[in-house]
Amino acid sequence: MPFSLLPTRVYSSIDQLEPDALQAAGVRLILSDLDNTISPYSVAEPPETVFAWKRALEAHQITLFILSNNRSPTRIRRYCEKLGVPFIDHAGKPKTASFFRAMEQMDCTEKETIMLGDQIFTDVLGGNRAGIPVYLVKPIRIRDNPFRALRHGLEQPFILAARLRQAYQMRRKSTQ
Ligand SMILES: [Mg+2]
């Protein structure tokens with residue numbers, strides 16, 4: 001199991017993901033964090049924009065599957081049932097068991113799956129250990145919680161390193 005804190009790609013939000021490009025790359029399953037990746041903690045039900053995003057993924061034969069460490073007995077269930085997507089809450093990321101359980105449930109391999117999240121020490125580390133690409137987005141809202149803001153500060157070197165690597169790879173691609 002590789003130990004790495006670097007995401008494969010860095011985006012500012014989920015809106016930047018292109019379903020057609022993902023489909024072309026063979027992605028059939030997105031394992032995604034919920035809190036601060038898709039919606040802030042305070043949003044109890046999916047807004048229309050998230051429904052539209054999920055429909056766009058489905059139109060490209062990509063399943064959205066929520067993998068959340070949230071321990072609330074109702075938060076994840078309520079949100080995901082409303083959105084109509086499979087989920088695992090209390091997922092224990094960065095442990096890999098829930099990643100493999102989700103892929104098995106959806107009958108997808110590591111090559112057909114990506115992880116999407118906003119945190120280095122859970123989403124990125126877990127996805128890397130599970131052997132799947134990890135797309136990191138900027139947390140939607142962290143200012144309302146000093147602990148989250150502090151943790152985000154600790155994540156910055158890894159985000160910067162991933163951004164530099166991404167820029168280097170894009171430059172290489174464009175000069176080839
Ligand atoms: Mg999160």
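Colleague: Two strands pair if DSSP finds at least two bridges between them. In this predicted model, which residue of β3 is the bridge partner of Leu-29?

Modeller: Strand β2 covers residues 29-32, and strand β3 covers residues 63-67. The two strands run parallel and share four bridges. In β3, the partner of Leu-29 is Thr-63.

Colleague: Through which helix does the chain cross from β2 to β3?

Modeller: This β-α-β crossover is right-handed. The connecting helix spans residues 48-59 and is α2.

Colleague: Leu-29 also faces β5, so to speak; which residue stands opposite Leu-29 there?

Modeller: Strand β5 comprises residues 113-117. Four bridges join β2 to β5, again in the parallel sense. The residue of β5 opposite Leu-29 is Thr-113.

Colleague: Are the residues on the two faces of β2 buried or exposed?

Modeller: The cut-off for buried is under 20% relative accessible area. Leu-29 and Leu-31 lie on one side of β2, with Ile-30 and Ser-32 on the other. Both faces are covered, and these four residues are all buried.

Colleague: How many of the residues of β5 are buried?

Modeller: Thr-113, Met-115 and Gly-117 point one way from β5. Ile-114 and Leu-116 point the other way, and all of these residues are buried. The count for β5 is therefore five of five, by the cut-off of under 20% relative accessible area.

Colleague: On the β6 side, which residue stands opposite Leu-116?

Modeller: β5 pairs with strand β6, residues 134-137, in the parallel sense over three bridges. Gly-117 has Leu-136 as its bridge partner in β6. Opposite Leu-116 stands Tyr-135.

Colleague: Which helix belongs to the β-α-β unit made with β5 and β6?

Modeller: The unit is right-handed. Its helix consists of residues 120-130 and is α5.

Colleague: Which strands are the edge strands of the sheet?

Modeller: Six strands form an open sheet with parallel pairing, in the order β1-β6-β5-β2-β3-β4. An edge strand here pairs on one side only. That leaves β1 and β4 (87-88).

Colleague: Which residues are the protein donors of the magnesium ion?

Modeller: In sequence the donor residues follow the spacing D-x1-D-x82-D. Two of the donor atoms are OD atoms, from Asp-33 and Asp-118, while Asp-35 contributes its O atom. The distances to the ion are 2.1 to 2.2 Å. The donor residues are Asp-33, Asp-35 and Asp-118.

Colleague: Are Asp-33 and Asp-35 buried or exposed?

Modeller: Exposed would require over 50% relative accessible area, whereas buried requires under 20%. By that scale, both Asp-33 and Asp-35 are buried.

Colleague: Which element supplies the largest share of the lining of the largest pocket?

Modeller: The lining consists of Arg-9, Tyr-11, Gln-16, Glu-18, Gln-166, Gln-169, Met-170 and Lys-173. β1 (9-11) and α6 (146-175) each supply at least two of these residues. The largest share, four residues, comes from α6.

Colleague: What is the volume of the largest pocket?

Modeller: The pocket lining divides into two nonpolar, three polar and three charged residues. The space in the largest pocket is about 270 Å³.

Conventions: Residues are numbered from 1 along each chain as its sequence is written. This is a predicted model: local features need pLDDT of at least 70, side-chain atom pairs count only at pLDDT 80 or more; totals for chains, interfaces and linings use all residues. Side-chain values use heavy atoms; hydrogens and water are left out. Donors are N, O and S atoms within 2.8 Å of the metal (3.2 Å for Na, K and Ca); water is not among the atoms, so sites may look incomplete. Buried means under 20% relative accessible area, exposed over 50%, partly exposed in between (1.4 Å probe, protein chains only). A crossover is right-handed if, with the strands pointing away from the viewer, the path from the first strand over the helix to the second runs clockwise. On a 1 Å grid over the protein atoms alone, a cavity is a set of points where a 1.4 Å probe fits but cannot get out, and a pocket is an open set with protein on both sides within 12 Å along at least five of seven lines; lining residues have an atom within 4 Å of a point. Grid points are joined across faces, edges and corners, and a volume is the space filled by probe spheres set on the points. Ala, Val, Leu, Ile, Met, Phe, Trp, Tyr, Cys and Pro count as nonpolar, Asp, Glu, Lys and Arg as charged, and the others, Gly among them, as polar.
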